[in-house]
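Hi everyone, and thanks for making time for this. I'd like to walk you through a structure that is probably new to most of you, so let's put it on the screen.

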Amino acid sequence: VDGLGFAGFQKCSEVKVEIATQETWEGGAVLPEKTPGRAKWNPVTLERGATLDLDLFVWLTTVVASVAGIGSPTPAYERDVDIVQRDRDGTTLMHWRLFRAWPKSYSSGEWDNTSDDKRIESVELEYAHAEPIPVGSLS
């Protein structure tokens, strides 16, 4: 995350884009003419075992401050995010870059001291668009 450095996560939801379909009927046409419309990128959710690192929560508070009018009026909270999937030996399997991302929601995870389960922290990111980065690329 630009400005935050490295954050490791165990799970990442899919990167998904949907293109709307525009339909028009010319004259007395029986079948519509279909053309692509607007693109919609679905949010990405990242999950990890809870840590003491508060960088993601602090990033979310910059969004809240901006919306409330007490922070920067410009979208200074928007950051490019690289999501890199690695296998156990560190080999990169997949790399996506999310452009102009910002945290939509944050969860510190449910606490249950009667369970052996660990807390799971999650953050949901909105973004303008995404691009796959070829594995092995330095860009």
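Let's begin with one contact: the side chains of Glu18 and Lys16 meet in a salt bridge, at 3.7 Å from N to O. Please keep in mind throughout that what you see is a predicted model. Side chains of opposite charge can pair when their charged atoms come close. How exposed are the two partners? Glu18 has a relative accessibility of 38%, which makes this residue partly exposed. Lys16, at 33%, is partly exposed as well.

Now for a second pair. Lys34 and Glu23 form a salt bridge through their side chains, with 3.9 Å from N to O. Where do these two residues sit? Lys34 belongs to strand β3, residues 33-41, and Glu23 to strand β2, residues 17-24, so this bridge ties together parts that are eleven residues apart in sequence. Lys34 has a relative accessibility of 54%, and the cut-off for exposed is over 50%, so Lys34 counts as exposed. Glu23, with a relative accessible area of 38%, is partly exposed.

How many salt bridges does a search of the whole structure find? The count is seven. Here is one more of them: the side chains of Lys11 and Glu47 meet at 3.9 Å, N to O. This pair links distant parts of the chain, with Lys11 in strand β1 (residues 11-12) and Glu47 in strand β4 (residues 44-49), 36 residues apart. Is Lys11 buried or exposed? Lys11 is exposed, with a relative accessible area of 53%. Its partner Glu47 comes out at 25% and counts as partly exposed.

Let me step back to the overall layout. The protein has one helix and eight strands. Reading from the N terminus, the order is β-β-β-β-α-β-β-β-β. The protein has 139 residues, and 22% of them count as buried.

Next, please look at how some of the later strands pair up. Strand β5, residues 79-86, runs antiparallel to strand β6, residues 92-107, and seven bridges join the two. If you want a spot to find on the screen, Ile83 stands opposite Trp96 in β6. The hairpin of β5 and β6 has five residues between the strands, and there Gly90 takes a positive phi near 90°.

Which other strands does β6 pair with? One is β7, residues 120-126, joined to β6 by five bridges and running antiparallel to it. In that pairing, Ser107 stands opposite Ser122 in β7. Another is β8, residues 129-132, which is also antiparallel to β6 and shares four bridges with it. There you will find Arg97 opposite Glu131 in β8.

Let's move on to the open space in the model. How much space lies in the largest pocket? About 710 Å³. Its lining is made up of 24 residues, and those nearest the centre are Ala7, Phe9, Ile83, Val84 and Gln85. The elements that give two or more residues to this lining are β1, α1 (55-67), β5 and β6. Strand β5 provides the largest share, with six residues. So the strand we met in the hairpin with β6 turns up again here, and so does Ile83, the residue opposite Trp96. By class, the lining of the largest pocket has 15 nonpolar residues, five polar ones and four charged ones.

My last topic is the aromatic rings. There are three aromatic pairs. One of them is formed by Trp41 and Tyr127, which are tilted, with 6.0 Å centre to centre and 55° between the planes. Which parts of the chain does this pair link? Trp41 lies in strand β3 and Tyr127 in the loop between β7 and β8, 86 residues apart. Are these two residues buried or exposed? Buried means under 20% relative accessible area, and Trp41 has 18%, so Trp41 is buried. Tyr127 is buried too, at 7%.

To recap the contacts between distant parts of the chain: Lys11 and Glu47 link β1 with β4, and Trp41 and Tyr127 link β3 with the loop between β7 and β8. Thanks for listening, and I'm happy to go back to any view on the screen.

How values were computed: Residues are numbered from 1 along each chain as its sequence is written. This is a predicted model: local features need pLDDT of at least 70, side-chain atom pairs count only at pLDDT 80 or more; totals for chains, interfaces and linings use all residues. Side-chain values use heavy atoms; hydrogens and water are left out. A salt bridge is a side-chain nitrogen of Lys or Arg within 4 Å of a carboxyl oxygen of Asp or Glu. Buried means under 20% relative accessible area, exposed over 50%, partly exposed in between (1.4 Å probe, protein chains only). Two strands pair if DSSP finds at least two bridges between them. On a 1 Å grid over the protein atoms alone, a cavity is a set of points where a 1.4 Å probe fits but cannot get out, and a pocket is an open set with protein on both sides within 12 Å along at least five of seven lines; lining residues have an atom within 4 Å of a point. Grid points are joined across faces, edges and corners, and a volume is the space filled by probe spheres set on the points. Ala, Val, Leu, Ile, Met, Phe, Trp, Tyr, Cys and Pro count as nonpolar, Asp, Glu, Lys and Arg as charged, and the others, Gly among them, as polar. Rings of Phe, Tyr and Trp (its six-membered ring) pair if their centres lie within 6.5 Å; planes under 30 degrees apart count as stacked, over 60 as edge-to-face and the rest as tilted.
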